[in-house]
Each structure stands twice: as structure tokens, then as C-alpha cells.
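Here is a friendly walk through some side-chain and helix packing. Have the viewer open and follow along.

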Amino acid sequence: NSIQARLSFAYTQYKAGLYDKAIEEIQSILRMDHNVGDAHFLLGKIYYERGDYSKAEISTAEAIKVDPQLVKAYLQLAVIYYEREQYEEAIRCCEKAREIDPKSVAAYVMLGDMLCIMKDYDRGMEAYRSALKINPQLPVTYRKVAKIYLQKGNRDYAIEALKTALRMDPSASDSHVQLGDLYSACKQYEEAVCEYREAARIDPDSDSTFAKIGDAYFALERFSEALMEYKKAVGIKAANAPAHCGIGNVFLKLNQPKEAVAEFRAALDIDPELSGAKSGIDLAQKAVEQVQPYGQKETGLTNQETKT
């Protein structure tokens, strides 16, 4: 069989998750001809996915030695360095890939990612913009641009970048959540609810999204709706500390401190460092000690609603 055919077979085994057989086939190929860059690359990819970054680095570096123009090997090596938190080395690999192929979108995007990790947001933005010049249809890259704008305090630009991403891919629940978070940060809670609702429609199993809807309703002082959303979040995932904390805050607003204590305690059992639950349970316990009667505040929420 030809080397290319055997390499294709090894790739098929790799895609099927048969890593040991794929490695055996690749090693057999390399015994026949050590100078097959794609074989070294695939071997490095398998080791990477197994979490053996040392072997992954050796194999990928060998691929580059055999074929110094193999752009994908530089990018793979950058990812390996990223996993090992060797960010400067990762940046150099991305820059080398960009040098070999100035039209490599992946090289620019990955370079932007690494630069942002190093908090070099200006160069990161430059890299992302270069990627978008080559291919403007990259919604995920617009989301990355939005994060940089947010870091710089340019919320309006961040919102526009996310809207652009959503025009390209309206079904991306993460983009809706990210936009909802931005609206919440701007205290535009009605808009935030709309985005979170759309995210929940796309991904109805996301407990964190329902908790965010609850937070937005709580900020709007629509406590009945907040409680309903928090309970949805807990129904999906019982160990959702922020949702339990949110329920506790609703009960505090309703002057039901005993119920609030129970919810804050549930939140702290899940996440002992949750600051909102720590401060909330202190307030609730003080209210219990004062033996305040359970009256309902003017929220429109009845005792029956709190039990549903």
C-alpha cells in the first residue's frame, strides 16, 4: 500500500477513536519513511488529544522539522504551548504560521486569542480584524472583538459587534447570552431578558441562562417572574448555587427570612465562596432573630406563588 493510503487509514482509525491502532500505523509509516510531515503531525494530534503534551510537542516539532512550511503544525504547536501556559512560545508559532501563509484566518484568530491572554488587547484586536478582512463571515471572531471592546469599556461597540455576530448566526445561544450580559451590565434589563429568552429557546437545558433571566427580572423588581426563572434553573440543575442565592434574595424581598436562610444555605453548600449567599444569609439570619412576621410586601406575589 502507498504511504498516502496508509496515512488515510491511520486518520480513519484516529477519527474512530482507535488511538492505539492509529499510532501503530503511523509508526509503521515513519519506519518506512521518516520524512512524512503529515504523519508526524497526526501523531502529535493524537498525543495532544490524549493529554500527553510532551509527546505531542516532540511529534509536532518533528513535523515542522520535516516540512518547515506546514502551517497547521505551527498552529497545533501553538495550541500545545497554550495548554502548557507557554504563551510567548504560542504567539511565536502563530506569527510563524501567519508569515508562511498571510491568508491563514486560523493563524490570525489564534494569534489574537494568545495576545488577549497576555492582555495585549490592541494587538489582539489587530489580529482579529486581519482575520475578518480575509473572511468577514466569522461570527465567533466578532464575539471575540466584542470582548475586547468590553475590556476597553466600549460597551456600545461591543453590543454592535455581537449584533453582527447574531445576524450571521442567529442560532448561537452563547452570542445571545453574551449580548444579554452586556445589556445587564448597561442596566438595560428588558433587552437582557429578550436575549436570554432567545438563548433559552435555542438551548432549553441551560440552567445558567434561566438563572440570568431570574437576575434580570429581580433587577426589574418583578419578583414573581424572577422566582419562576430561578426555580426553572434549579429544576434543570439542582446544584446551581447562583439560582438558590437568587431564590433566597426573592424570599428576603418578601420578608420570608426562614425560607431565605434555607436557600442561601443550599447555595453555600454548593459554593462556599459565593459572596452573595454569604451576605444574604447574614441578613436573613438577623431578620429571623428579630422574629419578623411573614407579611407580604407590595410585590403582587402571594404565598401560594412562592410554593409553586
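In this predicted model, the count of aromatic pairs comes to six. A pair of aromatic rings is described by the distance of the centres and the angle of the planes. Two of the pairs are set out here, with their values in the table.

| Pair | Centre to centre | Angle between planes | Geometry |
|---|---|---|---|
| Tyr11 and Tyr14 | 5.6 Å | 50° | tilted |
| Tyr82 and Tyr87 | 6.1 Å | 50° | tilted |

Why is the pair of Tyr11 and Tyr14 called tilted? Planes under 30 degrees apart would count as stacked and those over 60 as edge-to-face, so the 50° between the rings of Tyr11 and Tyr14 makes the pair tilted. Both residues belong to helix H1, which spans residues 3–15. Because Tyr11 and Tyr14 are three residues apart in that helix, about one helical turn separates them.

Is Tyr14 buried or exposed? With a relative accessible area of 7%, Tyr14 is buried, as the limit for that class is under 20%. Tyr11, at 41% relative accessibility, counts as partly exposed. Tyr11 and Tyr14 also join Tyr19 in one aromatic cluster.

Turning to the other pair in the table, Tyr82 is partly exposed at 35% relative accessibility. Tyr87 is partly exposed too, with a relative accessible area of 21%.

A charged residue also meets a ring: Lys72 lies over the face of Phe41, at 4.6 Å from the ring centre.

Now for the helices. How do the axes of H9 and H10 cross? Helix H9 covers residues 139–151 and helix H10 covers residues 155–168; their axes come within 8 Å and cross at roughly 170°. Angles over 145 degrees count as roughly antiparallel, so H9 is roughly antiparallel to H10.

On the H9 side, the contact is made by Pro139, Tyr142, Arg143, Val145, Ala146, Tyr149 and Leu150. From H10 come Arg155, Tyr157, Ala158, Ala161, Leu162, Thr164, Ala165 and Met168. Sorted by character, the residues of this contact of H9 with H10 are 12 nonpolar, one polar and two charged.

Ser175 brings in another helix, since it lies in H11, residues 173–185. Ser175 is buried, with a relative accessible area of 2%. Which residues does Ser175 contact, leaving aside its neighbours within four places in sequence? Ser175 is in contact with Arg143, Ala165 and Leu166. Arg143 and Ala165 have appeared already, as part of the contact of H9 with H10.

Terms used. Residues are numbered from 1 along each chain as its sequence is written. This is a predicted model: local features need pLDDT of at least 70, side-chain atom pairs count only at pLDDT 80 or more; totals for chains, interfaces and linings use all residues. Side-chain values use heavy atoms; hydrogens and water are left out. Axes are lines fitted to C-alpha atoms, for helices over the stretch in contact, and angles run from 0 to 180 degrees between N-to-C directions. Helices (H or I, at least four residues) and strands (E, at least two) are DSSP runs, numbered from the N terminus. Angles under 35 degrees count as roughly parallel, over 145 as roughly antiparallel, 65 to 115 as roughly perpendicular and the rest as oblique. Contact means heavy atoms within 4.5 Å. Ala, Val, Leu, Ile, Met, Phe, Trp, Tyr, Cys and Pro count as nonpolar, Asp, Glu, Lys and Arg as charged, and the others, Gly among them, as polar. Rings of Phe, Tyr and Trp (its six-membered ring) pair if their centres lie within 6.5 Å; planes under 30 degrees apart count as stacked, over 60 as edge-to-face and the rest as tilted. Buried means under 20% relative accessible area, exposed over 50%, partly exposed in between (1.4 Å probe, protein chains only). A charge sits over a ring if NZ of Lys or CZ of Arg is within 6 Å of the ring centre and within 35 degrees of the ring normal.
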